[in-house]
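Here is a short briefing on one protein model. The sequence and structure come first, then the notes.

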Amino acid sequence: MRNLFHILFAIPRFFIHLVWNVFWRLVRTAIVLALVVLGLAFYANHSQSALAQSISSTLQTVSQYFQSQSASNVTKKLSSLTTDDLKVYSGTRWTTNSASIYIKTQDATLVSAYQEAITAWNATGAFTLTLTTDESSADIIATDYSDASTQAAGLAETESNAVTNHLTHVDVKLNTYYLLDDSYGYTYERIVNTAEHELGHAMGLSHDDSEDSVMQSSGSYFGIQDADIQALKKLYQS
């Protein structure tokens, strides 16, 4: 019986010892490989021999491969970016075609983009956005956030009266993770378009992927179009 207990306890110890040894062998191998690569790189950078040039060429090829893989991942992420995650609004609107707005972000680029977007929408004559310095009384808060887990460049969080279907408050947010990182290709013009898009939601417009529109669900390649103006006028015609 005693021998049986020894055998039973020896089996898990054996596997633990085996796993531990394999782990440290992998660690030691990785360290050795790293030292070898560093040594080869040092030699390649400090020698004019044919061997050094060959090593340098090989290291550059490997480096370019990993850089291309990284660029490919960025490209894939770019292709899936959307303006926001919102789909439909079912005619939700303000009681009148006007609302007050407070710009809360401290980023100068986003402040300027919001201001241009507000001016652009006001110029349509279909809706009036009035800037206010009183955050507590504002109908719309224009701010920012940073979120890498979403594929959206912005969002509009709406609150509405379930009985009247009228908007009561909207928080518009621009995602700085994408908009302010040059890797994602957002020019200042596209940032303004994104701000116009989210403010369009804040006024009650839904996505429009059937034509050129600032309300297209992805890309932010268009500013305010005549179709957007007509949609806004129609929403508030009664």
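The notes below cover the sheet, a helix across it, a buried leucine and a surface patch.

This is a predicted model. Its 5 strands form an open sheet with mixed pairing. Leu-179 is buried, whereas Val-22 is partly exposed.

**Sheet**
- The strand order is β2-β1-β3-β5-β4.
- β2 (128-131) and β4 (154-160) are the edge strands, and each pairs on one side only.
- From one strand to the next, the twist averages 30°.
- Strands β1 (residues 98-103) and β2 run parallel and are joined by 4 bridges.
- Ala-99 has Leu-129 in β2 as its bridge partner.

**Helix across the sheet**
- Helix α5 (residues 188-203) lies across β1, β2, β3 (140-145), β4 and β5 (167-175).
- The angle between α5 and β5 is about 165°.

**Leu-179**
- Leu-179 sits in helix α4 (residues 176-179).
- Its relative accessible area is 2%, so Leu-179 counts as buried, the cut-off being under 20%.
- Beyond its neighbours within four places in sequence, Leu-179 contacts Ala-153, Leu-174, Tyr-186, Ile-191 and Thr-194.
- Leu-179 and Gly-154 are 25 residues apart along the chain, and their C-alpha atoms are separated by 8.9 Å.

**Surface patch**
- Leu-18, Val-22 and Leu-26 make up a nonpolar patch on the surface.
- Together these residues have about 270 Å² of accessible area.
- Val-22 belongs to helix α1 (residues 2-45).
- Val-22 has a relative accessible area of 41%, so this residue counts as partly exposed, between the cut-offs of 20% and 50%.

Note on methods:
Residues are numbered from 1 along each chain as its sequence is written. This is a predicted model: local features need pLDDT of at least 70, side-chain atom pairs count only at pLDDT 80 or more; totals for chains, interfaces and linings use all residues. Side-chain values use heavy atoms; hydrogens and water are left out. Two strands pair if DSSP finds at least two bridges between them. Helices (H or I, at least four residues) and strands (E, at least two) are DSSP runs, numbered from the N terminus. Axes are lines fitted to C-alpha atoms, for helices over the stretch in contact, and angles run from 0 to 180 degrees between N-to-C directions. Contact means heavy atoms within 4.5 Å. Patches are made of residues with over 30% relative accessible area and no salt bridge: like charges are joined within 9 Å, nonpolar side chains (Val, Leu, Ile, Met, Phe, Trp, Tyr) within 5 Å. Accessible areas come from the Shrake-Rupley method with a 1.4 Å probe; for residues, only the protein chains shown count as cover. A salt bridge is a side-chain nitrogen of Lys or Arg within 4 Å of a carboxyl oxygen of Asp or Glu. Buried means under 20% relative accessible area, exposed over 50%, partly exposed in between (1.4 Å probe, protein chains only).
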